[in-house]
Amino acid sequence: MSSGHRLRDVEQHHPLLDGEEAAVGSAAGETEQVWFIQDGCGMVCAFITWFLVLYADFVVTFVMLLPSKSFWYAVVNGVVFNCLAVLALTSHLRTMLTDPGAVPKGNATKKYMESLNLKPGEVIYKCSKCYSIKPERAHHCSICKRCIRKMDHHCPWVNNCVGENNQRFFVLFTMYIAMISTHALALSGYQFVTCVKVQWSECSDFSPPVTVMLMIFLCLEGLLFLTFTAVMFGTQVHSICNDETEIERLKNEKPTWERQVRWEGMRSVFGGKPSLLWINPFAGLRLRRLLATRSRKAGPEFSV
């Protein structure tokens, strides 16, 4: 049995662990607990994300809908917008607090390697940064300080890596943000037209200058969010359907694995056959286990 050590990711990977073995190794320590990265920039970006979503909800609810003379217009749009906002923020939390697929630290021990039952001459890789046996398609994240299975990229807006275990929630987050951005822009356009017709009298409980400023900022926010999330949603779906992460695409890595393309790839990420569970960020959430766990620190991340 021979073992190889690599100081950086190389273009050609060799199979080491299959998904089940990797999942067992991870489940033994950390995936049962909430994951949170203690990164200053990421936490600030996550706070800004929540602030902007809540700001949009405030403007839509209190500036546009509540002053509306049409009861059903206000109720229907208020329910739809707030439901989408809840789904977006829940998807954000699930992305941020889910272990993306971290390889257990320091598992490059003689005992662990013997348990792999490696064939003579089989090559494995050890990460020189987190001292873990590196599974196929895993990459080291310098912010999380861990090797992440099927790492797509590290996103500061969710303060986490997007990897094997939380890519589904990240896709839902981008989808719901794009939807509420589109909804907010449509409501803003209708509100502007309505206020101009009545010469800004009785179209809002705020003064005309304040109303204009709030709505202009909302439109700018909506355009930026819609552009960014729509592009990210498209690239994520494309990556899933081609079974190729963003890192693998940028590094032009030749696949050494059997690709799961199109619906096979979608099922592997979202789980099972197409259903409403695919778009439900609450699916699989176990609050009892979440509340029963205890917090502990573990380097740059801590588990709750």
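**Asn160**

I started with Asn160 and asked whether it is buried or exposed. Its relative accessibility is 0%, so Asn160 counts as buried. The cut-off for buried is under 20%. I note here that the model is predicted.

Where does Asn160 sit? I found it in strand E7, residues 160-162. I then looked for a polar partner of its side chain. The side chain of Trp35 makes a polar contact with that of Asn160, at 3.1 Å. Next I listed the residues that Asn160 touches, leaving out those up to four places away in sequence. They are Trp35, Ile37, Thr95, Met96, Thr98, Pro100, Cys144, His153, His154, Cys155 and Asn166.

**Whole protein**

I stepped back to the overall counts. The protein has 9 helices and 9 strands. It has 304 residues, and 46% of them are buried. About 16200 Å² is exposed, and carbon and sulfur atoms supply 64% of that area. I also checked how far contacts reach along the sequence. Of contacts between residues at least 6 apart in sequence, 74% join residues at least 24 apart.

**Helices H3 and H6**

I checked the length of helix H3, residues 71-97. Its 27 residues should span 39 Å at 1.5 Å a residue, and the end C-alpha atoms are 38 Å apart, so the two values agree. What caps the N-terminal end of H3? Ser70 does, with a side-chain oxygen 3.3 Å from the backbone nitrogen of Tyr73.

I ran the length check on H6 too. H6 has 35 residues and reaches 50 Å from its first C-alpha to its last. The expected value is 51 Å, which is close.

**Nonpolar cores**

I looked for the largest nonpolar core and found 40 residues in it. Leu218 and Phe270 touch the most other members. Which helices each supply at least two residues of this core? I noted H2 (40-65), H3, H5 (167-197), H6 (208-242) and H8 (263-270). H5 gives the most, with 10 residues. As a general point, nonpolar side chains in soluble globular proteins tend to be buried together.

I followed Phe270 further. Leaving out residues up to four places away in sequence, Phe270 touches Arg168, Val171, Leu172, Ile240 and Trp278. A second, separate core has 9 residues, including Ile37, Ile148, Met151 and Ile247. Ile37 was also on my list of residues touched by Asn160.

**Aromatic pairs**

I searched the whole structure and found 9 aromatic pairs. One of them joins Phe170 and Phe173. This pair is tilted, with 6.5 Å centre to centre and 40° between the planes. Both residues lie in helix H5, 3 residues apart, about one turn of the helix. An α-helix has 3.6 residues a turn, so residues three or four places apart point the same way. Phe170 is buried, with a relative accessible area of 1%. Phe173 is buried as well, at 6%.

I then turned to Trp263 and Trp278. They form a tilted pair, 6.0 Å centre to centre and 35° between the planes. What does this pair tie together? Trp263 lies in helix H8 and Trp278 in the loop between H8 and helix H9 (287-292), so the pair ties together parts that are 15 residues apart in sequence. Trp278 has 8% relative accessibility and counts as buried. I had already noted Trp278 among the residues that Phe270 touches.

I also logged a cluster. Ring pairs link Phe58, Phe62 and Phe206.

**Gly189**

I found Gly189 in helix H5. Its relative accessible area is 33%, so Gly189 is partly exposed. How far is Gly189 from Met215 in space? I get 9.3 Å from C-alpha to C-alpha, with their positions 26 residues apart in sequence.

**Positive phi**

I looked for positive phi in residues other than glycine. Tyr131 has a phi near 55°. Tyr131 is in the loop between strand E3 (125-127) and strand E4 (138-141). Is Tyr131 partly exposed or buried? Tyr131 is partly exposed, with a relative accessible area of 48%.

Asp243 came next. Its phi is near 50°, again positive. Asp243 comes just after H6, in the loop between H6 and helix H7 (246-250). Asp243 counts as buried, at 7% relative accessibility.

Note on methods. Residues are numbered from 1 along each chain as its sequence is written. This is a predicted model: local features need pLDDT of at least 70, side-chain atom pairs count only at pLDDT 80 or more; totals for chains, interfaces and linings use all residues. Side-chain values use heavy atoms; hydrogens and water are left out. Helices (H or I, at least four residues) and strands (E, at least two) are DSSP runs, numbered from the N terminus. Buried means under 20% relative accessible area, exposed over 50%, partly exposed in between (1.4 Å probe, protein chains only). A polar contact is a pair of N or O atoms within 3.5 Å; within protein, one must be able to donate a hydrogen and the other to accept it, and residues adjacent in sequence count only if both atoms are side-chain atoms. Contact means heavy atoms within 4.5 Å. Accessible areas come from the Shrake-Rupley method with a 1.4 Å probe; for residues, only the protein chains shown count as cover. The expected span of a helix is 1.5 Å times one less than its number of residues. A nonpolar core is a set of buried Ala, Val, Leu, Ile, Met, Phe, Trp, Tyr and Cys residues joined through side-chain atoms within 4.5 Å. Rings of Phe, Tyr and Trp (its six-membered ring) pair if their centres lie within 6.5 Å; planes under 30 degrees apart count as stacked, over 60 as edge-to-face and the rest as tilted.
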